Amino acid sequence: MNKKTFIAVAVATLALGQLAKAQTNIQVFYDFGSDRKQVTTTIEGFYNDNWGNTFFFVDHDFNHKSNEGTQAISGTYVELARCLNFWQKVPVLNGFSLQVEYNGGVYKNYFINHALLAGVDYFLHTPDFKNTFNFKVLYKKIFQGVSKVPMQFTFVWGMQDLFGLKGLRFSGFADFWWEDHVLFSDKSGSLPSAQLSHVVFISEPQLWYNVGQHFGVPNFNIGGEVELSYDFGSSRGFWVRPCAGIKWVF
């Protein structure tokens, strides 16, 4: 490695360490989806270190109402991912990481089975790190589930100061994976005849504006997201569920 390349890599690594520093935030949404009409909270964390990074989020839905009038959390979904990268200062290879992940949850009307994932993450960014993009290719093992194509493809993006407006951020993710549905040959549902493999899709693009910067509270953001999904959970077909919310960055 020549001196010029070494300096460029060192500057990029320092910039990444500064801009991708540890962050925890909480988001509170109202989901306007026709099948939901509920409040959802998300606790999210990203932590960068010399061995890679750790990411997690936990969703809680608040729409449980019992006959006795009790109101409580009706569902929880958890995702935890670890990217390993011991070669952050090696040109060409430093964009690649090894990733392991767990996800699963339970909602009022259905379960999301435990799943373990492992694979490769590739990271792209602009020189100032304001615009980032991750592409992940993962093997996916769904417990108590069957998939003839045990793979997931994930795209994650972030665009800071969108259109040159300081504090405006566009971010989100998109997941594609395969699951098999069992088809039954009789009305009783007791004689399975075949398994149909189909693609499941979910994406949650978010738009946030750091309104708090104008009155000395840069932690405070307003905005929202749109959940786009196909055959996700118990919902068949394509769904669009807009949400409005606030976000506080700790």
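**Figure 1. Burial and overall make-up of the chain.** Of the 250 residues in the chain, 35% count as buried, and the model from which this value comes is a predicted one. The secondary structure of the chain consists of one helix and 15 strands. Among the contacts in the chain with a separation of 6 or more, 45% are accounted for by residues that stand 24 or more positions apart. The chain exposes about 14500 Å², and carbon and sulfur atoms supply 66% of this area.

**Figure 2. Strands β2, β3, β6, β7 and β8 and their pairing.** Strand β2 is joined to strand β3 (residues 52-62) by eleven bridges, and the two run antiparallel. They form a hairpin with two residues between them, and within this pairing Ile43 has Val58 in β3 as its bridge partner. Strand β3 is in turn joined to β6 by ten bridges, again in the antiparallel sense, with Phe55 standing opposite Ala81 in β6. Strand β6 (residues 75-84) also pairs with strand β7 (residues 96-106), antiparallel and over nine bridges, and here Thr76 stands opposite Val106 in β7. Ten bridges then join β7 to strand β8 (residues 111-125), which run antiparallel. The strands β7 and β8 form a hairpin with four residues between them, and the bridge partner of Glu101 in β8 is Leu117. When following the side chains along such strands, it helps to remember that in a regular strand they alternate between the two faces of the sheet.

**Figure 3. His125 and its surroundings.** His125 lies in strand β8 and counts as partly exposed, at 37% relative accessibility. When its neighbours within four places in sequence are left aside, His125 is in contact with Asn131 and Thr132. The view also takes in Trp157, which is 32 residues from His125 in sequence and 9.6 Å from it in space, C-alpha to C-alpha.

**Figure 4. Aromatic pairs and an aromatic cluster.** A search of the whole structure finds 17 aromatic pairs. One of them is formed by Phe176 and Phe201, a tilted pair with 4.9 Å centre to centre and 35° between the planes. Because Phe176 lies in strand β11 (residues 168-184) and Phe201 in strand β12 (residues 192-203), the pair ties together parts that are 25 residues apart in sequence. Phe176 is partly exposed, with a relative accessible area of 30%, whereas Phe201 counts as buried at 16% relative accessibility. Trp177 and Phe232 form an edge-to-face pair, with 6.2 Å centre to centre and 90° between the planes. Trp177 lies in strand β11 and Phe232 in the loop between β14 (220-230) and β15 (238-249), so this pair ties together parts that are 55 residues apart in sequence. Trp177 is buried, with a relative accessible area of 6%, and Phe232 is buried as well, with a relative accessible area of 15%. Phe176 and Phe201 also belong to one aromatic cluster, which is completed by Phe133, Phe135, Phe153, Phe155 and Trp178.

**Figure 5. Salt bridges and a network that links several of them.** Side chains of opposite charge can pair when their charged atoms come close, and the structure holds seven salt bridges. In one of them, Asp31 pairs with Arg36, the closest N and O atoms being 3.0 Å apart, and both of these residues are buried. The side chains of Arg82 and Asp49 meet in a salt bridge at 2.9 Å, N to O. Since Arg82 lies in strand β6 and Asp49 in strand β2, this pair ties together parts that are 33 residues apart in sequence. Asp49 counts as partly exposed, at 31% relative accessibility. The side chains of Glu227 and Arg241 meet in a salt bridge as well, at 2.8 Å, N to O. Glu227 lies in strand β14 and Arg241 in strand β15, so the pair ties together parts that are 14 residues apart in sequence. Glu227 is buried, with a relative accessible area of 6%, and Arg241 is buried, with a relative accessible area of 1%. Asp31, Asp35, Arg36, Glu227 and Arg241 are linked in a network of salt bridges.

**Figure 6. A nonpolar patch on the surface.** Val28, Tyr30, Phe32, Val39, Phe62, Ile73, Ile222 and Ile246 make a nonpolar surface patch of about 620 Å². Phe32 has its place in the loop between β1 (23-31) and β2 (38-49), and this residue is partly exposed, with a relative accessible area of 41%.

How values were computed: Residues numbered from 1 in each chain as written. Predicted model: local features only at pLDDT ≥ 70, side-chain atom pairs only at ≥ 80, totals over all residues. Heavy atoms only, no water. Patch = residues over 30% accessible without salt bridge, like charges linked within 9 Å, V, L, I, M, F, W, Y side chains within 5 Å. Areas by Shrake-Rupley, 256 points an atom, 1.4 Å probe, with all protein chains shown as cover. Salt bridge = Lys/Arg side-chain N within 4 Å of Asp/Glu carboxyl O. Buried < 20%, exposed > 50% of the residue type's maximum accessible area, 1.4 Å probe, protein only. Pairing = 2+ DSSP bridges. Contact = heavy atoms within 4.5 Å. Phe/Tyr/Trp six-rings, centres within 6.5 Å; stacked < 30°, edge-to-face > 60°.
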